[in-house]
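Q: I am new to this structure. Please take me through one part of it closely, the nonpolar cores and what surrounds them.

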Amino acid sequence: MPGPVCGIGPRGLCRGAALTLAFAGALATVSVTDPFSSTKEPPPSAARPVARSVPADEVAGAAARSVADGKSGKEAAREAVSRSGDRWGAVYGPAEYREFAQSLDGEYTGVGLGVEGAADGRVQVTGVRPGSPAARAGLRRGDRLRDIDGTRVEGRPVTEVVALLRGEREGDGVGTPVALGLQRGTRVWTVTLRRATLATEAVHVEHLPGGALLIRVASFTRGSGEQVRRAVREAPAGKGVLLDLRGNPGGLVGEAVTATSAFLDGGLVATYDDRGRQRALHARRGGDTARPVVALVDGGTMSAAELAVGALQDRGRALTVGSRTFGKGSVQKPSRLPDGSVAELTVGHYRTPAGRSLDGRGITPDLAVTQRARERAQSVLSGLQGGS
């Protein structure tokens with residue numbers, strides 16, 4: 001079946017990474033602590049195991065036999081993936097996979113609320129996305145969220161609140177109602193909103209003091225690569241770029257390659273094996289090869305984001321600052337199962353232009369920094385572009 005070639009976070013997080021892409025931007029749905037972001041470096045031994053590939057027909061066969069016995073094909077497929085050792089593989093139901101695909105398109109289903117948990121267990125609204133169902137209903141920053149569809153949220157992890165807002169059941173998609181119990185001062189009320197398709201903001205561009213450009217890429221969703229290329233083309237002449245990939249869980253490999261092309265004039269970005277066949281990914285011609293670039297990374301920089309960093313580092317186009325990246329260097333592709341569910345299975349592993357394997361190892365930055373990493377990165381960039 002057609003589907004995206006993905007470089008998205010870990011298997012227990014694979015669904016989480018795919019769906020958490022929807023949480024990447026400010027007010028994307030809620031403000032949560034990014035589960036992929038960390039300033040703690042992996043241990044020097046890089047003890048993470050390398051992901052194994054599992055034959056798609058093996059998983060499909062397990063699902064077919066289970067369906068023939070009147071059981072769940074999806075659960076049988078999940079068991080087969082778990083037994084295989086494919087640590088990044090995952091199996092989605094039809095609705096889950098539609099949500100996965102939607103998140104890769106830079107969209108999510110929600111109501112447009114940003115929320116966070118307070119120390120006393122209360123859940124507060126931290127922001128409301130303009131034009132969203134929540135905004136049209138008059139919700140405001142500072143409102144207290146008491147319950148969702150009758151389920152009290154006080155004391156619950158914010159990730160569970162996210163799931164309730166987005167809808168946990170099959171069919172909880174666009175247009176479905178969700179009742180929110182709210183409090184503002186002494187006023188307590190309930191409002192029913194309808195979930196809508198909202199766009200994420202994967203790329204944020206900011207002008208820094210001295211003329212340099214900050215390009216923050218939260219995830220490689222569809223269209224993000226071209227946004228990076230456009231930002232670099234429009235950057236002030238002679239000024240550097242700070243490419244912030246901290247906490248980026250990956251996304252679409254093609255978008256990562258396009259983004260990397262902003263700084264290269266063609267040439268190799270990565271190689272990977274696809275079930276034994278060797279393939280290569282190349283940058284587009286015409287990128288900016290003179291502008292100074294500093295890439296900011298951390299332990300939450302994963303997969304397709306690591307692919308981009310590895311290429312820029314190996315090709316001498318960026319100095320990297322921060323802490324060692326996660327080390328997820330495997331490729332997943334989807335295959336349809338007999339019951340309509342979809343298996344995302346590992347088919348191969350990436351290597352950088354210099355032949356380095358990322359899986360289980362990650363990328364060691366040129367300048368290791370755990371505190372005030374952005375400030376250090378800006379200082380390095382200032383020196384590269386001749387600033388004071």
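A: Contact here means heavy atoms within 4.5 Å. With that in hand, start at Val153. This is a predicted model. Leaving aside its neighbours within four places in sequence, Val153 is in contact with Gly121, Val123, Leu145, Arg146, Asp147, Ile148, Val161 and Leu164. Val153 sits in the loop between strand S7 (151–152) and helix H6 (158–166). Its relative accessibility is 0%, so Val153 counts as buried.

Now follow one of those partners, Leu164. Along the chain, Val153 and Leu164 are 11 residues apart. Their C-alpha atoms are separated by 9.2 Å. Leu164 also has a polar partner. Its backbone oxygen lies 3.2 Å from a polar atom of the Arg195 side chain. Arg195 is placed in the loop between strand S9 (187–194) and strand S10 (196–199). Arg195 is buried too, because its relative accessible area is 3% and buried means under 20%.

Next comes the largest nonpolar core. It has 40 residues. Ile215, Val228 and Phe263 have the most contacts inside it. Several elements each supply at least two of its residues. Among them are strand S12 (213–217), helix H7 (224–233), strand S13 (241–244), helix H8 (253–261) and helix H9 (304–314). Strands S15 (268–274), S17 (293–297) and S20 (342–351) do so as well. H9 gives the largest share, six residues. Apart from this core lies another, of 22 residues. Leu113, Leu139, Leu145 and Leu164 are among its members. In soluble globular proteins, nonpolar side chains tend to be buried together.

Look closer at Phe263. Leaving aside neighbours within four places in sequence, Phe263 is in contact with Val228, Val232, Val241, Leu243, Asp288, Thr289, Val293, Leu312 and Arg317.

Two of the helices that feed the largest core also meet each other. The axes of H8 and H9 come within 9 Å and cross at roughly 30 degrees. H8 is therefore roughly parallel to H9, since angles under 35 degrees count that way. The crossing is right-handed. From H8, the contact is made by Val253, Ala256, Val257 and Thr260. From H9, Ala304, Leu307, Ala308, Ala311 and Leu312 take part.

Last, step back to the whole chain. The protein chain has 10 helices and 21 strands. Of its 388 residues, 54% count as buried. Take the contacts with a separation of 6 or more: residues 24 or more positions apart account for 71% of them.

Note on methods. Residues numbered from 1 in each chain as written. Predicted model: local features only at pLDDT ≥ 70, side-chain atom pairs only at ≥ 80, totals over all residues. Heavy atoms only, no water. Core = buried A, V, L, I, M, F, W, Y, C linked by side-chain atoms within 4.5 Å. Buried < 20%, exposed > 50% of the residue type's maximum accessible area, 1.4 Å probe, protein only. Helix = DSSP H or I, 4+ residues; strand = E, 2+ residues; numbered from the N terminus. Polar contact = N/O pair within 3.5 Å; in protein donor to acceptor, adjacent residues only side chain to side chain. Axes fitted to C-alpha atoms, helices over the stretch in contact; angles between N-to-C directions. Parallel < 35°, antiparallel > 145°, perpendicular 65-115°, else oblique. Left-handed = near helix turned anticlockwise from the far one by under 90°.
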